Amino acid sequence: MVSLIATDRVTKIFEVGGMFTAKKYIKAVDNVSLELGENEILCLVGESGCGKSTLGRLMLDLIRPSSGRVLYEGKNICSLKGKEYKEFRRNAQLIPQDPYSTLNPMKKVVSSLMPPLLHYKIARNRREARKMAAELLTMVGLSPPEDILERFPCRLSGGQLQRIAIARAISVQPKFIVADEAVSMIDASLRVGILNLMLDIQRKFKTTFLFITHDLAIARYFARDRKIAVMYLGNIVEIGRTEEVIQNPLHPYTKVLVEAVPIPDPKLARERPLPKLKSLEIPSLINPPPGCKFHTRCPLAEKICKEKDPELRLVKGRLVACHLY
Amino acid sequence: MLKPTAQRPMALSKLIDALHYHIYEPLVLLSSDKRALAGLIILVVYILMAIIGPMLIPLDLTPHPEKRYLPPSWEHPLGTDFAGRDIFAQIVHGGKDVLPVAFLAGFVTVLIGTAVGIISGYIGGKLDTVITTFIDVFLTIPGFPLLLIVAVWLARSGIVINIFIIALLLSITSWAGLARSIRAQVLSLKEEAFIEAAKCLGLSKRHIVFSEIMPNLMSYIAINFMLSSVGAVYSYTGLLALGLIPYTPGNWGAMIHMAQAYVGTVTGAGCWYILAPSLTIVILQIGLVFLANGIDKIFNPRLRER
């Protein structure tokens, strides 16, 4: 069965410097292979700077890979042209992190929602597009829509703007949505609302979601009964069913990540031991450590970890990249 | 008097809404900025003067040597010139020569500068490098001397000099600066999140340029239109004052030219002949600049109150 969207050993290297300093290279994504079918949810978690946003954008063709391929329904997206590319473009959408900058500040909400409807001929004319825009706003929980349609983004709150961004993403009826830290800039009290909205959409339209976040608690909520992938410095270190990975982490990095989730109870939080790490320094992406990138901090590192980069292996029904297994 | 919104037919409601938003509100906003309001009033007065002035005040060009250099009086509000002709009438008629050229030149300058800036900034790559070099060449050529040379060449070549030729001429030396700054703005706008979103949605390049990027440039374009017109007025009257292009009498620049030729000093009886056109030009420029300062409020929805 052909997957909906997949990456095949995808790597992305960014150049830095070169003007006044020596040119350096950052390997944001290192040899990552992922596969997503229809009606799937995968949560991608990791620290800031581990490459998750870059991976998300690579899968949407907003960035081109330095090596490797991204496959949409089995075909390399770089080789898609014309109608096929338009088809892919329509079916791969993004819900970005910052609701305040994702809408054109000079255009009213209705002017931001109508163009995709008209471009893909989902609406036959402007009047129909306007009606559909109003329906979309009601679908994402903004009512009465008439009032919001005529406003400029500067007059709306973050929560409202994010819902509009979601409405815009689903307006073209995509099969695949990347939610890149979609709730990170929303007030904590409103997050569950937005998360539930996205879950409703997933259930209703059977969209495949790649949900990127640094917050394990959110990942646990959004991807319960689904899969989670943990990323570290450009590599995927563990993929598996969410509950299993969180209750019983196999990779040492995942263990540390789970242990680091804050506990609401201050007494318990004070008493809990610090995670066992050899060093608290995060290695730089310009000069990554040889072999397994985590070995400088891993309490269980052995000689082989310094030399050889572990591959993802099937362990207890999950994929783990660690020499321990 | 007006029916409540829910009962009006949709088309009429939209028209009233549009008028309210595009004309009434900007005026209210501008009036809060006293300088911009002053600028707007000055501009309106000049435009009215240029359009209906000539109909109200006839221009009498017959020389009356006995009446030369009379000081201002009820009959001649600004005095008379070297040939005894009324200065005020000449000023009023001059508007219909200078204003159209100035605004047309401003418009053409903005058109060329914006188009080149957007093409260079959005497409990028080798085309951008070529265009940037082209812009730099035009920027290093000194504007007014180039203008003088081309103007003299035009006058001698026998090409009919009409308003369009002059406007084009004035634009040639002034589009480069605008092109460069529009390019810079386009380059930075390209990186904005809403442009990435538009690309992700698969919207066409044409849509992104005209519908996403242009609205963010409108404020800047409007201001530059005003300032280009200001520059065009100076260049045009400068050329006329130096006598390099043909003119009709009563044209402000022509008056300055004549005044230079016939009047010895700025004091004494003949001073009105030089002061009147000069002040007329200066007041127009001040008005346009003040108005340009207030334009941002109109184009930027973030500065509006609702």
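This is a short tour of a predicted model, with three stops to select in your viewer.

**Stop 1: where chains A and B meet**

Start by showing both chains and selecting the residues that touch across them. You should pick up 23 residues from chain A and 18 residues from chain B. Stay on the chain B side and colour helix H8 (193–200) and helix H9 (205–241), the elements of chain B that each give two or more residues to the side touching chain A. Which of them gives the most? That is H8(B), with six residues. Now recolour that side of chain B by residue class: eight residues are nonpolar, six are charged and four are polar.

**Stop 2: a bent helix in chain B**

Next, select residues 34–56 of chain B, which form helix H2. Look along the helix to Ala50(B), where H2 bends by about 45 degrees. Within four residues after the bend comes a proline, Pro54(B). While you are here, show the buried residues of H2(B): Ala36(B), Gly39(B), Leu40(B), Met49(B) and Gly53(B).

**Stop 3: Phe209 in chain A**

Finally, move to chain A and select strand E8 (residues 208–213), where you will find Phe209(A). Is Phe209(A) buried or exposed? Phe209(A) counts as buried because 24 other C-beta atoms lie within 10 Å, and the cut-off for buried is 20 or more. Setting aside neighbours within four places in sequence, show the contacts of Phe209(A): Ile41(A), Ile177(A), Ala179(A) and Gln202(A). To end, draw a C-alpha to C-alpha distance from Phe209(A) to Gly37(A): the two are 9.9 Å apart in space, yet 172 residues apart in sequence.

Definitions and conventions. Residues numbered from 1 in each chain as written. Chains lettered and ligands numbered in written order. Predicted model: local features only at pLDDT ≥ 70, side-chain atom pairs only at ≥ 80, totals over all residues. Contact = placed C-beta atoms within 7 Å. Nonpolar A, V, L, I, M, F, W, Y, C, P; charged D, E, K, R; others polar. Bend = angle between axes of the 7 residues up to and from the residue. Buried ≥ 20, exposed ≤ 12 C-beta atoms within 10 Å, placed from the backbone.
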